[in-house]
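Me: I've got a structure open and I'd like to go through it bit by bit. Can you help me read it?

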Amino acid sequence: MTQTKQQIITLANRPKGMPSKGDFNFVESEVPTPKDNEILVRTLYLSVDPYMRGRMQDTKSYIAPFELNKVITGGVVAEVVDSKSNSFKQGDVVVGNIDWAEYTVVTEKEIRVIDPKVAPVTTHLGILGMTGLTAYFGLLDIGKPQEGETVVVSGAAGAVGSVVGQIAKIKGAKVVGIAGSDEKLEYLTKELGFDGAVNYKSDSFATDLANAVPDGVDIYFDNVGGEVSDAVFTLLNANARIPLCGAISSYNAEGKDQGPRLQSAMIKTSALMKGFTVGNYAARFQEGATELGKWLQEGKLKYEETIIEGFENTPDAFLGLFKGTNLGKQLVKVAEPEFAQLKVLSK
């Protein structure tokens, strides 16, 4: 490798309201050199995810905020281009939570090798990675779906929601998805096998939702919060379970998020609402990945990816998450491999 200069992406400002491209800064830096037990990797694909919006705020949370003028980190699939480690060799394809940079030096603990022959490498940033595991543990550990129950999923055409609905179908539940376009509704019902889907942008959303769940809601997998969730909460059955995964509707709000008070409704239905992050289940990741991989191989799970090409377009890909432009997992293709041999597999 002869390249000596590269681009990295840093956080330029802490956004107020909706982020803009001006909140990101592209900085030229030297391509680093690995030391003993370190590995130099070249980014092939990187993941953009809604939770990153929270890390742009300087507030206490389950994960430390990004630092101003420091490189942003996230899920990355990369190839090893130079290794000073006995555990990794040139051409290995790896995944890890590392820098938004064209090249990064990492330690052995920050990455793990993935096999491109088993599934497309991008799946390790989506259905076989964080988003798939989030769906798996949130639905099965908190939601505990039973055959014949009704499951409603908001953000249903996104990377997490689309997997939630499919796992619920595997478990024998009736599934209704909530999304924001006719194209997405058709994808949910015709491609993924959801029993119904409703458009939250429709003026008749509340009525459409009630008509789609005539027997009420036993499990609500909440990815969005806001007025969408307000409508679902009025339809909860006794002993309903609510895995609380995200609140993307309020991530860019400049004031406090306000809405109906939930206590009376939850008392009347004896409902359970539990917030979680996938990190809560780190000790069980292998269990989840194994089961998801099996279902994928058996054709029981499908997935969609929205891939934007070009490292320079990473901010656009991130901002698109809050406009609903993505179907399934949003990724950025940064580069073709120099040394890795990637087998292209169909979904």
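**Chatting through the model**

Reply: Sure, let's start with one contact: a polar atom in the side chain of Asp222 sits 3.1 Å from the backbone nitrogen of Val224. Keep in mind that this is a predicted model.

Me: OK, where is the place of Asp222?

Reply: Asp222 is in the loop between E11 and helix H6, which covers 226-233.

Me: Is Asp222 buried or exposed?

Reply: Asp222 has 3% relative accessibility, so it counts as buried. The cut-off for buried is under 20%.

Me: And what is Asp222 in contact with, leaving aside its neighbours within four places in sequence?

Reply: Asp222 is in contact with Ser154, Ser229, Phe233, Ile242, Pro243, Leu244, Cys245 and Gly246, with those sequence neighbours left aside. Take Leu244 from that list. Leu244 and Asp222 are 22 residues apart along the chain, yet 5.1 Å separates their C-alpha atoms.

Me: Nice. New topic: how many cavities of 30 Å³ or more does the structure hold?

Reply: There is 1 cavity of 30 Å³ or more. The largest cavity has about 60 Å³ of space in it.

Me: Which residues line the largest cavity?

Reply: The lining is made of Gly126, Ile127, Thr131, Ala159, Ser162, Val163, Tyr303, Glu304, Gly328 and Lys329. Sorted by class, that lining has 4 nonpolar, 4 polar and 2 charged residues.

Me: Which helix gives the most to that lining?

Reply: Helix H3, residues 159-170, gives the most, with 3 residues.

Me: Let's stay on H3, then. How far apart are its end C-alpha atoms?

Reply: The end C-alpha atoms of H3 are 17 Å apart. H3 has 12 residues, and at 1.5 Å a residue they should span 16 Å, so the two values agree.

Me: How many residues of H3 are buried?

Reply: 10 of its 12 residues are buried, so H3 is mostly covered. They are Ala159, Val160, Gly161, Ser162, Val163, Val164, Gly165, Gln166, Ile167 and Ala168.

Me: What do the buried residues of H3 pack against?

Reply: They pack against helix H2 (130-143), strand E8 (150-154), strand E9 (174-179), strand E11 (217-221), helix H8 (285-297) and strand E15 (329-333).

Me: And which residue with a positive phi follows H3?

Reply: Gly172 follows H3, and its positive phi is near 90 degrees.

Me: Can we zoom in on Ser162? What does its side chain reach?

Reply: The Ser162 side chain reaches the backbone oxygen of Gly158 at 2.7 Å. Ser162 is in helix H3, and it counts as buried because its relative accessibility is 4%. Not counting residues up to four places away in sequence, Ser162 touches Ala156, Leu192 and Phe194.

Me: How far is Ser162 from Glu38?

Reply: From C-alpha to C-alpha, Ser162 and Glu38 are 37 Å apart in space, with their positions 124 residues apart in sequence. Glu38 also comes up with another serine: Ser85 touches Asn37, Glu38, Ile39 and Glu108, not counting residues up to four places away in sequence.

Me: Oh, where is the place of Ser85?

Reply: Ser85 is in the loop between strand E4 (73-83) and strand E5 (93-99). With 6% relative accessibility, Ser85 counts as buried. A polar atom of the Ser85 side chain lies 3.0 Å from the backbone nitrogen of Ser87.

Me: Back to phi for a second. What is the phi of Asn239?

Reply: It's near 65 degrees, so Asn239 has a positive phi without being a glycine. Most residues other than glycine have a negative phi. Asn239 is in strand E12, residues 236-244, and is partly exposed at 49% relative accessibility.

Me: What about Ser270, what is its phi?

Reply: Ser270 isn't a glycine either, and its phi is positive at about 55 degrees. Ser270 is in the loop between helix H7 (263-269) and strand E13 (272-275), and its 48% relative accessibility makes it partly exposed.

Me: Last one: is Thr123 buried or exposed?

Reply: Thr123 is buried, with a relative accessible area of 1%. Thr123 is in the loop between strand E7 (111-113) and H2. Leaving aside its neighbours within four places in sequence, Thr123 is in contact with Leu128, Gly129, Tyr303 and Glu305. Tyr303 is also one of the residues lining the largest cavity.

Conventions
Residues numbered from 1 in each chain as written. Predicted model: local features only at pLDDT ≥ 70, side-chain atom pairs only at ≥ 80, totals over all residues. Heavy atoms only, no water. 1 Å grid on protein atoms, 1.4 Å probe; cavity = no way out; pocket = protein on both sides within 12 Å on 5 of 7 lines; lining within 4 Å. Points joined across faces, edges and corners; volume = space filled by probe spheres on them. Helix = DSSP H or I, 4+ residues; strand = E, 2+ residues; numbered from the N terminus. Nonpolar A, V, L, I, M, F, W, Y, C, P; charged D, E, K, R; others polar. Buried < 20%, exposed > 50% of the residue type's maximum accessible area, 1.4 Å probe, protein only. Polar contact = N/O pair within 3.5 Å; in protein donor to acceptor, adjacent residues only side chain to side chain. Contact = heavy atoms within 4.5 Å. Expected span 1.5 Å × (residues − 1).
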